[in-house]
Amino acid sequence: MNFNIKFLIILIFSFFCLPFSIFSQTKVTNLVFVYEDKEVFPGYLGNSDKIDYSNPGMAVDGFLMIEKILPVKISFKRMPWKRCLESELKNGTVDGAFLASYKKEREVFGRYPTTKDGKVDESRRWETSVYVFYKLRGSKVSWDGNKIFNLLNPIGAPQGYSIIGDIEKMGYKVDTSEKTFSDFQKLINKRIDLAAELESQGDYVLENNPKISQEIEKISVPIASKPYYLMLSHQFYEKNPKLAEKIWDAVRDVREKEYKNLMKKYF
């Protein structure tokens, strides 16, 4: 067998073997993530089990970016939050659920990202929701972290936000609106004395509306602060522990690099 024939055989053999090698290294894992069917702005939009991928919310857009980092393909489902955790995630019919604050009792449903010593790894959260009060500049209303002083009118808050229940438990009346901008208009018109808002959202409105920022200021003492996570099912983690850790790493990377850009889209 001369050299040319040997070379041709080797070339043909390499041609047919190469694709199998490539495919084995770039195998795509299909993932299913589930989230609530009620709108929680800006994380996910729309009160439905349907998903508008042109404007789904910051969390959905953010998790889709994981596909650019890892060889995964993510699809989403929406349903009541209790079912997300206690049925779908617990039974392993989905691979992940978001956005979940940490509660010890939820560990039976799925896994949170953890550090080497087993503690919840806050660095791999999707976001931290910090709620603060905003008031008119010069207003005598104040908040010390436990009690509100000199309050005469209701407190404003966006409809559907969890902070509403917290404020009502304190014994204060809440006047809801569609969004933070509307609450700030109510403040300026003196229909409310305080606006309870997500800090990231309230600050963004002030930064981009100089006239409003001249009249409204933030009370820096937080009302509440909670990190929120992507939980993964126990079944998925047991089968894919290395990939699971990489997914949580990717969540951190997307948050650190893309979160502000996503805010520009939704605020």
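This report describes the β-sheet of a predicted model and the helices that pack on it.

## Sheet order and edges

The sheet is open and has eight strands, arranged as E2-E1-E3-E10-E4-E9-E7-E8, with mixed pairing. Strand E2 (72-79) and strand E8 (174-177) are the edge strands; each has a single partner strand, so one side of each is left without a neighbour in the sheet. On average, neighbouring strands are turned by 30° against each other, direction ignored.

Strands of a sheet pair through backbone hydrogen bonds, in either a parallel or an antiparallel manner.

## The E2-E1-E3 side

E1 and E2 run parallel and are joined by eight bridges. Within this pair, Leu 31 is opposite Ile 74 of E2. Between E1 and E2 the chain passes through helix H2 (residues 58-64), giving a right-handed β-α-β crossover.

E1 also runs parallel to E3, with three bridges between them. Here Tyr 35 is opposite Phe 98 of E3.

Helix H3 (residues 81-91) lies across strand E1 (29-36), E2, strand E3 (96-101) and strand E10 (216-232). The direction of H3 is at about 130° to E3.

## The E7-E8 side

Strand E7 (residues 155-158) runs parallel to E8, and four bridges join the two. Pro 158 has Ser 177 in E8 as its bridge partner.

Helix H5 (residues 180-188) packs on the sheet and touches strand E4 (127-136), E7, E8, strand E9 (194-198) and E10. The direction of H5 makes about 160° with that of E9.

Terms used. Residues are numbered from 1 along each chain as its sequence is written. This is a predicted model: local features need pLDDT of at least 70, side-chain atom pairs count only at pLDDT 80 or more; totals for chains, interfaces and linings use all residues. Side-chain values use heavy atoms; hydrogens and water are left out. Two strands pair if DSSP finds at least two bridges between them. Axes are lines fitted to C-alpha atoms, for helices over the stretch in contact, and angles run from 0 to 180 degrees between N-to-C directions. Contact means heavy atoms within 4.5 Å. A crossover is right-handed if, with the strands pointing away from the viewer, the path from the first strand over the helix to the second runs clockwise.
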